[in-house]
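The following exercises concern strand order, helix packing and the contact between chains. Each task is followed by a solution that proceeds step by step.

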Amino acid sequence: MTSRESHRIKDAEKKRVLDEAARQRRARKALEALEQDNFHDDPHADLVMSKKVPKFHDNLESGRTRKTKRKGAEYYRAKYRKNFIQLLEEDKAHRPDPPNYCSAQAPPSRLPQRHFCAVCGSCSNYTCTACGTRYCSVKCLGTHQDTRCLKWTA
Amino acid sequence: MNNICILDNGAYTAKVGLASQEAPQLIPNCIMKAKSERRRAFIGDQIKECRDASGLFYLLPFQRGYLLNWDTQKTVWDHIFSPDCCGINLSEKTLIITEPHFNFHSIQEALTEIFFEEYECDALFRTTAADLSALHHLKSNTVPADCCIIVDMGYSFTHIVPYVKGEKIKNAIRRIDVGGKVLTNHLKEIISYRHLNMMDESYVVNQIKEDVCFVSSDFQRDMKTQKLRYPENTIIQEYVLPDFTTVNRGYVKKPEGPAPEQQTIKLNNERFTVPELLFNPSDVGIQQMGVSEAIMNALDSCPPPVHHVLLENIVVTGGCALIPGMGERLQTELRALAPDDMEVKVIITEDPVAFPWQGGRVLCQSTDFSEMILTREEYEEEGVGASIEKFDP
């Protein structure tokens with residue numbers, strides 16, 4: 001009697017549903033993307049630049065006297081090479097009591113979060129059952145399923 | 001005045017000039033690489049020599065608002081202080097430089113070392129842009145007040161800093177991790193999904209943001225308007241993208257004119273939902289208060305007798321203050337949140353980007369300025385630690 005089963009229910013069971021952890025991972029990735037400087041690779045990455053070669057307009061004599069005195073950009077990069085996390089750790093040791101970087105952060109809002117359709121940007125009342133993205137209408141849900149839903153799950 | 005240089009070292013633009021000048025020079029604080037020009041990179045304002053700015057790759061000295069990439073920064077500063085740019089020779093000059101709030105110690109040490117050792121400054125004064133803005137606001141003759149709230153909407157984040165009797169209330173400083181960078185990146189993502197893939201085009205999208213974005217004065221009303229069809233929909237705009245052969249900078253197309261040859265995109269609700277992040281960071285999942293709510297939160301940490309003075313002196317500075325409608329929206333939201341027996345006055349300064357720099361000029365004129373600076377003798381005596389003792393006791 002398998003033929004009498006509902007196709008809709010059968011299809012729904014086959015669908016992959018993202019669990020809470022995966023959804024949070026996605027949200028965190030989206031936030032990190034907002035902080036990124038570039039989304040593409042350095043267009044000059046494959047070039048080998050030779051800084052040592054003197055250019056025509058360089059004045060050889062003045063260049064030489066300066067070089068002995070100045071340390072150049074490389075020196076400072078090497079000396080103060082620290083990433084943000086390291087600096088934050090260091091700051092916690094220096095300034096353990098507020099006010100410091102962490103205490104200055106604005107607390108969470110008391111107002112409820114608003115939701116917008118991920119496709120068209122209007123106010124959204126519905127959530128995609130598979131991935132948790134918000135949408136506003138059947139039309140937008142269709143676009144979402146065709147383009148984004150579970151398409152780049154990493 | 002001729003021997004004092006002011007450098008408001010922002011994460012996106014550096015504002016630099018001598019105290020004797022009327023206005024600072026604005027220089028992009030970054031190195032840019034173009035696809036079309038493979039022989040060189042563009043440092044700071046050299047970008048105006050670049051004819052094809054598509055797919056521009058950025059090297060920024062600042063990460064999350066703090067100076068981390070020293071080689072990039074050093075290269076940009078070398079350019080700024082070279083005769084090709086503004087030609088200020090820092091040796092035997094006093095330098096006023098700005099840093100972010102709660103700057104990290106090792107960054108402060110590096111700053112001190114670079115300016116004394118490399119640029120051979122005579123003396124150094126390290127401060128924050130908000131301090132300079134507050135000084136500028138409080139010392140300008142039209143406002144007889146000694147308290148104010150500075151709202152600094154920068155590139156990396158937004159800070160709310162209250163000053164009472166000229167003193168900063170450190171406990172009341174609030175930071176919202178939304179600034180111009182987040183807005184540009186958010187707009188870039190929206191355009192790339194809805195219209196054309198522009199993920200590589202930070203430079204162009206930043207210009208789109210500057211040209212079309214506005215702060216909605218009534219969000220629900222505008223949300224309804226954007227659903228209508230064209231003549232009733234007063235929000236939708238067509239934007240002509242630059243192709244870097246005939247059009248070098250994009251512009252908003254007039255509704256009636258003929259279709260241009262260049263690619264266009266239609267911008268509708270993105271025009272106001274993007275700057276909306278400053279008022280509701282939770283729209284993209286940043287669990288922090290919006291600007292108005294955070295201002296009231298900061299106010300709670302200030303002594304109650306001065307609340308009414310603070311609310312009458314809210315000064316907005318930084319690049320995001322240039323978004324049209326910012327003042328009106330802040331005014332209405334704060335009016336709704338503040339106690340009804342108190343006046344609320346939001347001031348968007350005439351030039352919000354250069355306002356702190358102008359504050360630097362005010363600082364030079366104060367009588368005890370010569371005692372506040374860190375001199376070369378003090379530096380040579382005590383080393384880099386002296387700057388931390390002097391400026392962050």
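**Exercise 1. A sheet of three strands**

In chain B, an open sheet of 3 strands with antiparallel pairing follows the order β16-β15-β17. The model is a predicted one. Determine which strands stand at the edges, how β15 and β17 pair, and which helix packs on the sheet.

*Solution.*
Step 1. The edge positions belong to β16 (251-253) and β17 (264-267) of chain B; each has a single partner strand, so one side of each is left without a neighbour in the sheet.
Step 2. From one strand to the next, the twist averages 40°.
Step 3. Strand β15 (residues 237-240) of chain B is paired with β17(B) over 4 bridges, in the antiparallel sense. Q237(B) has L267(B) in β17(B) as its bridge partner.
Step 4. The helix that packs on the sheet is α5 (residues 202-212) of chain B, which touches β15, β16 and β17 of chain B. The direction of α5(B) makes about 140° with that of β15(B).

**Exercise 2. A sheet of six strands**

State the order of the open sheet of 6 strands in chain B, and describe how helices α3 and α11 of chain B are placed against its strands.

*Solution.*
Step 1. The order is β3-β2-β1-β9-β10-β20 (chain B), and the pairing is mixed.
Step 2. In chain B, β3 (25-28) and β20 (374-375) each have a single partner strand and stand at the edges, so one side of each lacks a neighbour in the sheet.
Step 3. Strands β9 (residues 94-99) and β10 (residues 123-128) of chain B run parallel and are joined by 6 bridges. Opposite I97(B) stands R126(B) in β10(B).
Step 4. Helix α3 (residues 129-139) of chain B packs on the sheet and touches β1 (4-9), β9 and β10 of chain B; the directions of α3(B) and β10(B) make about 85°.
Step 5. Helix α11 (residues 355-365) of chain B lies across β1, β2 (13-18), β9 and β10 of chain B, at about 150° to β1(B).

**Exercise 3. The interface of chains A and B**

Describe the interface by its area, its salt bridges and the contact of α2(A) with α4(B).

*Solution.*
Step 1. The contact involves 61 residues of chain A and 71 residues of chain B. The two chains bury about 6100 Å² between them, with 53% of it on carbon and sulfur atoms.
Step 2. There are 5 salt bridges between chain A and chain B. One of them joins K181(B) to D37(A), with the closest N and O atoms 2.6 Å apart.
Step 3. On the side of chain A that touches chain B, two or more residues each come from α2 (20-35), α4 (72-79), α5 (84-94) and α6 (138-147) of chain A. The residues on this side of chain A comprise 28 nonpolar, 16 polar and 17 charged.
Step 4. The axes of α2(A) and helix α4 (residues 180-194) of chain B cross at roughly 115° and come within 7 Å. A33(A), L34(A) and E35(A) in α2(A) meet K181(B), V182(B), N185(B), H186(B) and E189(B) in α4(B). This contact is made up of 3 nonpolar, 2 polar and 3 charged residues.

**Exercise 4. Backbone geometry in two loops**

Which peptide bond of chain A is cis, and where does R64(B) lie?

*Solution.*
Step 1. The cis bond runs from P98(A) to P99(A), with omega near 0°. P99(A) is located in the loop between α5 and β1 (126-127) of chain A.
Step 2. R64(B) is in the loop between β7 (62-63) and β8 (66-67) of chain B. Although R64(B) is not a glycine, its phi is positive, at about 50°.

How values were computed. Residues numbered from 1 in each chain as written. Chains lettered and ligands numbered in written order. Predicted model: local features only at pLDDT ≥ 70, side-chain atom pairs only at ≥ 80, totals over all residues. Heavy atoms only, no water. Pairing = 2+ DSSP bridges. Contact = heavy atoms within 4.5 Å. Axes fitted to C-alpha atoms, helices over the stretch in contact; angles between N-to-C directions. Buried area = accessible area lost by both parts, 1.4 Å probe. Salt bridge = Lys/Arg side-chain N within 4 Å of Asp/Glu carboxyl O. Nonpolar A, V, L, I, M, F, W, Y, C, P; charged D, E, K, R; others polar.
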